[in-house]
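Here's a quick tour of how the helices and strands in this one fit together. Have the viewer open and follow along.

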Amino acid sequence: MSTNGQTMTHEELMGLPVAVPLDIANRALGIGRTNGYGLAKRGAYPVRVLRHGRQYKVTRYDLHRHLGLAPGAEG
């Protein structure tokens with residue numbers, strides 16, 4: 001997975017694990033780190049955010065659905 005700060009390629013998106021940290025979800029959605037964490041804290045993130053202790057995670061399914069990559073995704 002590239003770490004150059006740009007959005008992810010299709011291959012990277014398809015290879016994501018079942019749940020990813022918010023930093024990776026931010027990158028997949030093209031959202032900056034500060035903005036992404038602010039949206040998550042306010043409950044305004046574009047997809048459902050799961051909180052595990054102090055960590056925020058997003059499911060691969062929700063990311064794929066939001067991006068129109070999942071079967072039956074509304075785009």
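## Two helices, crossed

Let's start with the helix pair: α2 and α3 sit roughly perpendicular to each other, because their angle falls in the 65 to 115 degree band that earns that label. Keep in mind that this is a predicted model.

As for the numbers, the axis of α2 (residues 22-29) and that of α3 (residues 33-42) cross at roughly 110 degrees and come within 9 Å. The crossing of α2 and α3 is right-handed.

## Who touches whom

On the α2 side, the contact is made by L22, D23 and N26. Helix α3 brings R33, G36, Y37 and A40 to it. Sorted by class, the contact of α2 with α3 has three nonpolar residues, plus two polar and two charged ones.

## The sheet

Now for the strands. There are three of them in an open sheet, ordered β1-β3-β2 and paired antiparallel. The edges belong to β1 (19-21) and β2 (50-52), each of which pairs on one side only. On average, neighbouring strands here are turned by 40 degrees against each other, if you ignore direction.

Zooming in on one pairing, β1 and β3 (residues 55-59) run antiparallel over three bridges. If you want a residue to click on, A19 has T59 of β3 as its bridge partner.

## Back to α2

Helix α2 also packs on the sheet, where it touches β1 and β3. Its direction makes about 95 degrees with that of β1. So α2 has contacts with α3 as well as with those two strands.

Definitions and conventions:
Residues numbered from 1 in each chain as written. Predicted model: local features only at pLDDT ≥ 70, side-chain atom pairs only at ≥ 80, totals over all residues. Heavy atoms only, no water. Pairing = 2+ DSSP bridges. Helix = DSSP H or I, 4+ residues; strand = E, 2+ residues; numbered from the N terminus. Axes fitted to C-alpha atoms, helices over the stretch in contact; angles between N-to-C directions. Contact = heavy atoms within 4.5 Å. Parallel < 35°, antiparallel > 145°, perpendicular 65-115°, else oblique. Left-handed = near helix turned anticlockwise from the far one by under 90°. Nonpolar A, V, L, I, M, F, W, Y, C, P; charged D, E, K, R; others polar.
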